[in-house]
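Please look over the sequence and the structure shown here before reading the notes below them. They are written for a reader at the bench who wants to see how one part of the chain sits against the rest.

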Amino acid sequence: MTKVFSLVLALSFCASTAMAETCHSRATDKNLHGAALTSFMKKCVRETGGTCSSLAADKKLHGAAKTSFENKCLRDNIGN
């Protein structure tokens, strides 16, 4: 049981660390424009959405609380 908890904790840390840099800032760092920027942002948003959904599931959120959490997670991690 302790190994499982340690693995979950490590994975959640990795997910939060990976999301610390927003999609927009990563695209800016890569100096992407046009079609490359559009493609990168779509992929990044898709990946971030999955991560936010996983975090909501880990927190056992449902209904409005889940929707609110996922929306805020996406806003925070996509950036402008």
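The briefing below goes from the whole chain to one helix, then to its packing partner and to a single residue. The model is predicted, and the elements of its chain run α-α-α-α from the N terminus on, with four helices and zero strands in the chain.

**The chain as a whole**

- Of the 80 residues of the chain, 20% count as buried.
- Among the contacts between residues at least 6 apart in sequence, 49% join residues that are at least 24 apart.

**Helix H4 and its two faces**

- Helix H4 takes in residues 63–78, and because 16 residues at 1.5 Å a residue should span 22 Å, the 23 Å between its end C-alpha atoms agrees with that expectation.
- The buried residues in H4 are Glu70, Cys73, Asn77 and Ile78, and they cover an arc of only 110° around the axis, which puts them on the same side of H4.
- Ala64 and Arg75 are exposed, and they are carried on the face of H4 that is turned away from its buried side.
- The cover over the buried residues of H4 includes helix H2 (23–29) as well as helix H3 (34–58).
- Just after H4, glycine 79 takes a positive phi of about 75°.

**How H3 packs on H4**

- Two packed helices are described by the angle between their axes and by the distance between those axes.
- For H3 and H4 the angle is about 140° and the axes are 9 Å apart; that angle makes H3 oblique to H4, since the label roughly antiparallel is kept for angles over 145 degrees.
- The crossing that H3 and H4 make is right-handed.
- On the H3 side, the residues that meet H4 are Met41, Val45, Thr48, Gly49, Cys52, Ser53, Leu55 and Ala56.
- On the H4 side, the residues that meet H3 are Lys66, Phe69, Glu70, Cys73, Leu74, Asn77 and Ile78, and among them Glu70, Cys73, Asn77 and Ile78 are buried.

**Asparagine 77**

- Asparagine 77 lies in helix H4, and it counts as buried because its relative accessibility is 9%, where buried means under 20%.
- Asparagine 77 is also one of the H4 residues that meet H3.
- Along the chain, asparagine 77 and serine 25 are 52 residues apart, while their C-alpha atoms are separated by 9.7 Å.

Terms used. Residues numbered from 1 in each chain as written. Predicted model: local features only at pLDDT ≥ 70, side-chain atom pairs only at ≥ 80, totals over all residues. Heavy atoms only, no water. Helix = DSSP H or I, 4+ residues; strand = E, 2+ residues; numbered from the N terminus. Expected span 1.5 Å × (residues − 1). Buried < 20%, exposed > 50% of the residue type's maximum accessible area, 1.4 Å probe, protein only. Arc of directions from axis to C-beta. Contact = heavy atoms within 4.5 Å. Axes fitted to C-alpha atoms, helices over the stretch in contact; angles between N-to-C directions. Parallel < 35°, antiparallel > 145°, perpendicular 65-115°, else oblique. Left-handed = near helix turned anticlockwise from the far one by under 90°.
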